[in-house]
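Hello,

I am passing on the structure that we talked about, and below it you will find my notes, which I have tried to word carefully. Please read them with the structure open beside you.

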Number of protein chains: 2
Amino acid sequence: MVKKTGQPAYLQIADDLRKQVHGGSLAPGSLLPSTAQLAEQYDASLSVVKMAVGILRNEGLLIGQQGKGVFVQDQEPSESEQLPAMDLVSEVMELRTAVQDLSERLARVESTLSERSDR
Amino acid sequence: MVKKTGQPAYLQIADDLRKQVHGGSLAPGSLLPSTAQLAEQYDASLSVVKMAVGILRNEGLLIGQQGKGVFVQDQEPSESEQLPAMDLVSEVMELRTAVQDLSERLARVESTLSERSDR
DNA sequence: GTGAACAACATAGTTAACCTAGTTGGCATA
DNA sequence: TATGCCAACTAGGTTAACTATGTTGTTCAC
């Protein structure tokens, strides 16, 4: 699968995966093949696949969950990353609402947990 | 040099170098120590240093020239606007990753809870 | 039926080794 | 002096192996 162009294999794989995500071939939230499967699919070693996934993980395009797999980040169409220097004020406001949301959800989870432990 | 925080070594080194560049300790156009020197300096293996440099290279912050060395990209003070205060920017970035992490963990907890209540 | 124990599989991080290729400086030879 | 060769150093790419840790499914004992 990896062509013998000048580009290194890990970049070729990263580009290919990126295209699949942007092209819709890999839907947001969907699970990627495992590292070993990708390695076989691209006829590459485990290491280069891990490097490719690492790049996209660093870009925020993919998220890896230890023990489960690598998923396509679904809230991608938002800004956050593309804009080089997005203004800090709105960023902080988003973070504040995100923290509030997390706080409420966590409170719910905690209450359900305490109810179950009570009985 | 690499502290035993939860963060992996290659990210610690990348962050440190990023701060040195943004803080002016590493001037644009200047030459970084060689990979081997950095490895010794951070008391890390060659591989993690190469990973750290690779990240910053991918970000466009550094440029590597085979046979010569790794240099700080100089045309970085680009358009957009004055970065207000680099400490705030990195602070916000850290908060964003922290919120993402919390969000993922909470989503996992919530999903397991809903699954159990379904059965 | 429940729960503990275990095996299999997953990502993640780290290390070491090897190869390729570009740069530089020294040195011997023409 | 000028040319060519060579050693040393550089980044970059690739591979393999190991450890750590999390998830999932099965099996077995209670």
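How do the residues of the surface near DNA strand C divide into nonpolar, polar and charged? They divide into five nonpolar, 11 polar and three charged, where Ala, Val, Leu, Ile, Met, Phe, Trp, Tyr, Cys and Pro count as nonpolar, Asp, Glu, Lys and Arg as charged, and the others, Gly among them, as polar.

Please keep in mind that this is a predicted model, in which local features need pLDDT of at least 70 and side-chain atom pairs count only at pLDDT 80 or more, while totals for chains, interfaces and linings use all residues. Residues are numbered from 1 along each chain as its sequence is written, chains are lettered from A and ligands numbered from 1 in the order in which they are written, and side-chain values use heavy atoms, with hydrogens and water left out.

DNA strand C is surrounded by 19 residues, a residue being near a strand if one of its heavy atoms lies within 4 Å of it. Among the closest are Thr35(A) and Ser45(B); the side chain of Thr35(A) has an N or O atom 2.9 Å from a phosphate oxygen of this strand, and a polar side-chain atom of Ser45(B) also lies 2.9 Å from a phosphate oxygen of DNA strand C.

Around DNA strand D there are 22 residues, with Ser47(A) and Lys50(B) among the closest. A polar side-chain atom of Ser47(A) lies 3.1 Å from a base nitrogen of DNA strand D, whereas for Lys50(B) a side-chain N or O atom is 2.8 Å from a base oxygen of that strand.

Best wishes

Methods: Polar contact = N/O pair within 3.5 Å; in protein donor to acceptor, adjacent residues only side chain to side chain.
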